[in-house]
Amino acid sequence: MKFLKDFFEKTEPLVQKGARFHWLNSVHDGFFTFLFVPRSTSQTGSHIHDYIDLKRTMSIVVLSLVPALLFGMYNVGFQHYKAIGELVSTGFFSLFIYGLLKVLPIVVVSYVVGLGIEFAFAQMRGHEINEGFLVSGMLIPLIMPVETPLWMVAIATAFAVVFGKEVFGGTGMNIWNPALIARAFLFFAYPAQMSGNAVWVSMGKTDVPVDSFTGATPLADIAAGNVNFSVADAFFGLIPGSIGETSTVAILLGAAILLITGIGSWKIMVSTVAGGVIMGIILNLFAGSTGLSPESAAFFAMPFWHHLILGGFAFGAIFMATDPVSAAQTEKGKWIYGFLIGILAILIRVINPAYPEGMMLAILLMNTFAPLIDHYVIQGHIKRRLNRAKLSA
Amino acid sequence: MSDPLFSKKNLTLLTEPLNSSNPITVQVLGICSALAVTAQLKPALVMALSVMAVLAFSNVIISLLRNTIPNRIRIIVQLVVVAALVILVDLILKAYVFDVSKQLSVFVGLIITNCIIMGRLEAFALGNRPWQSFLDGIGNAAGYGWILVVVGFFRELLGSGSLLGYQIIPENWYLSNGGFYENNGMMILPPMALITVGVIIWVQRSRNRKLIED
C-alpha cells in the first residue's frame, strides 16, 4: 500500500490546475479516494460524518453481490452442460470455468463503458468522480441473459448512464435505478435477445442440445401452461434465467450482508416480499374461477411462495428495490413503496401473458411514484401534527 | 415600405426560428406530431413540407385580412383559413403520394390543431404585412421541419436500418443472417422520438448558451 500512496502523492502536483495533466484531475482524485480515506475535511455544515462514506457503502453492496455472481457463473456452466447432456461427465471446475469465461466479458464491458462515461462527464463538468456506478456496473451483468451480445450490453450501459443518470445530474439525482434502465432499454429495443426461450442457456454454434431441451425459464414454462420445475432447484438456483437472479440462496447471503451492515433497508425488503405473498394468495383464491384459460388457471393456482423463488423477484426485492436513491425516502413511504412493488410484480407476471416476469417493470413504475409517496407521507405527517398543535392551543 | 424584400430584418425572420427561437426545441410546440410521424424519414419530410405550405399561406391570408377581421371572432376566422388549406394539402397528398398519405393518416388533418400554426397567426400574422408573414411562416415551418427530418433520419436508420425505404445496413450483418447486428426496436416507439428531441435540445443548448434558463 505504501508505494500506491507514494505514487498518488507524487503525481498530485501534476494534475493541479494549470499543470500538465490537469485534465486528469478528477480521475486522480477518484482513484485516490477509492483506495484511501479522503484527506479533505468539512468546511461548512455538519462536521461529524460517518466513517462509511459513499464509496465504502458501494463497496459493501458490490461485496453482497459476489455470491450471486459466483453462483451465476456456476449456473451458466451447469445449464450449458445440462443442455448438451454432458452434465454427469463434467466436473465442478469445468462448469465454473465455462461460466466464468461467459460472464466475465459482460462484467468487463459493463464497467469499462459505464466508468468511461462517468469519468468523462466528471472531468467535463469539473466534478469529483462519484462511485455510484460501481454498483450499477455489477448489477447490469447480473440481470442480463447470458447470451446477450456484448455490444448490446455496451449500448444499454451507455444509455443507462447517460439518460438514466447523467441527464438528471449524476449519482444521487436519478429518478430510476440505472441498472434497470439498462435492462428495460434492451427489453424494448432488442426483445428477441432479451426474452423468449433461446437466450437463457449458453449454447455454442456447434452444440447439439438433448431432445428434451427447451431453454425456457420456469416462469415462461408456467405461462405456457406446463409446470415442471423442482422447488429445490429453484431455491438453489439451478434453473435457466438471467445470470445473477436464479439462486435465492446466494441472494439471501447478499441480503444478510446488506442487513448486518445496515446498508439495505429491511423495511423495503420485508414489505416487497409481503406484497408478493399477499398478491400470490389473492390470485390463488381466484384460481378456480370460470373463464380462465387453462394456462392462466395453472399460473393462478401456483402456490404463492413459489413466486418468491422464481425469476427476478428475490433479486429485485433485495438489490433493486432497496436502491437508496430511487426508493422512497420516508420510513412510512418505504413500506408503501415496497408493498406496491410486490403486488405489481406478481400481478404483471400472472395477469399479462406477454410479460412472464414483472419485477423490472414493477420497480421502475414504483421508482417513478416514490417522490409522490414521500410527498403525501410528509404532508400527512404535517397535517397530523398541526391538528395536535391546534388541539393543545 | 422602404425595406428591400430581403433586408437584414426580414432575413432574421427566416433564420431565427431555425435556431434560437425554434418552435420545437425552444418554444416546445408541435411536439405531438414530431413524435408521431418521425418513425421513418419519408413521412417526416412530407409532414414538414405540408406544414410549411399550410403555415406560409395561412400566414399570408390572415395578414391580408388582418385589418378586416373583427377581433372577437378572429380565432374562428383563423380556423376556417387553416382548415381550408389543410384540406387542400390533404387532397394533394392523396392524389400524388397516396402511400405516404395513408401512413400519415390522421396527422395531416391534425395540422389544424398544430400549436405552431395558431401561434404564428396570433403572434405574427395579425400584426405584420403579408411578405414578412410569409417569410415568418416559411422560417418557422423550416425550424419545425429540420427537427422532424433529423429525428426521422436517426429513427429510421437505427430502428429499421434503412433511409427513405432503402436498406442501408447490409442484410448479412443481421443476427438472423449469421451476423451480429440487430435493429433497435425502441427507436420505432414514440418514447425514443422524445429522447431524440431531447438530445437535439441538449446539443443545441450546449452550443448556444443564451438559451439556458437557470
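## Predicted two-chain model: confidence, folds and helix packing

Chain B has a mean pLDDT of 85, with 98% of its residues at 70 or more; pLDDT is the predictor's confidence in each residue, from 0 to 100. For the complex, the predictor gives an ipTM of 0.81 and a pTM of 0.84. This is a predicted model, in which local features need pLDDT of at least 70 and side-chain atom pairs count only at pLDDT 80 or more, while totals for chains, interfaces and linings use all residues. Residues are numbered from 1 along each chain as its sequence is written, and chains are lettered from A and ligands numbered from 1 in the order in which they are written.

Chain B contains nine helices and two strands; helices (H or I, at least four residues) and strands (E, at least two) are DSSP runs, numbered from the N terminus. Along the sequence of chain B the order is α-α-α-α-α-α-α-α-β-β-α. Taken along the principal axes, the C-alpha atoms of chain B fill a box of roughly 70 × 45 × 30 Å.

Three helix pairs are tabulated below, two of them in chain B and one in chain A. Axes are lines fitted to C-alpha atoms, for helices over the stretch in contact, and angles run from 0 to 180 degrees between N-to-C directions.

| Helix pair | Angle | Axis separation |
|---|---|---|
| Helix 3 (residues 41-65) and helix 4 (residues 74-96) of chain B | about 145 degrees | 9 Å |
| Helix 3 and helix 8 (residues 130-160) of chain B | about 165 degrees | 8 Å |
| Helix 12 (residues 266-285) and helix 15 (residues 313-320) of chain A | about 155 degrees | 9 Å |

The crossing of helix 3 with helix 4 in chain B is right-handed; a crossing is left-handed if the near helix is turned anticlockwise from the far one by less than a right angle, and right-handed if clockwise. On helix 3 of chain B the contact includes B:Val46, B:Phe57 and B:Ile62, and on helix 4 of chain B the partners include B:Gln78, B:Leu85 and B:Leu93. Two residues are in contact if their C-beta atoms, placed from the backbone, lie within 7 Å. This contact of helix 3 with helix 4 in chain B has twelve nonpolar, three polar and no charged residues. Ala, Val, Leu, Ile, Met, Phe, Trp, Tyr, Cys and Pro count as nonpolar, Asp, Glu, Lys and Arg as charged, and the others, Gly among them, as polar.

At about 165 degrees, helix 3 of chain B is roughly antiparallel to helix 8 of chain B (angles under 35 degrees count as roughly parallel, over 145 as roughly antiparallel, 65 to 115 as roughly perpendicular and the rest as oblique). Helix 3 of chain B passes helix 8 of chain B in a right-handed crossing. Their contact comprises 21 nonpolar, seven polar and two charged residues.

In chain A, the angle of about 155 degrees makes helix 12 roughly antiparallel to helix 15. The crossing of these two chain A helices is right-handed. A:Met269, A:Thr272, A:Val273 and A:Gly276 of helix 12 meet A:Phe313, A:Ala317 and A:Ile318 of helix 15. By class, five of the residues in this chain A contact are nonpolar, two are polar and none is charged.

Chain A is divided into domain 1 (2-35) and domain 2 (264-393), with bounds from an automatic or database domain assignment. The centres of these chain A domains, taken over C-alpha atoms, are 45 Å apart.

Between the chains, seven residues of chain B are in contact with eight residues of chain A. The chain B side of this contact has four nonpolar, two polar and one charged residue.
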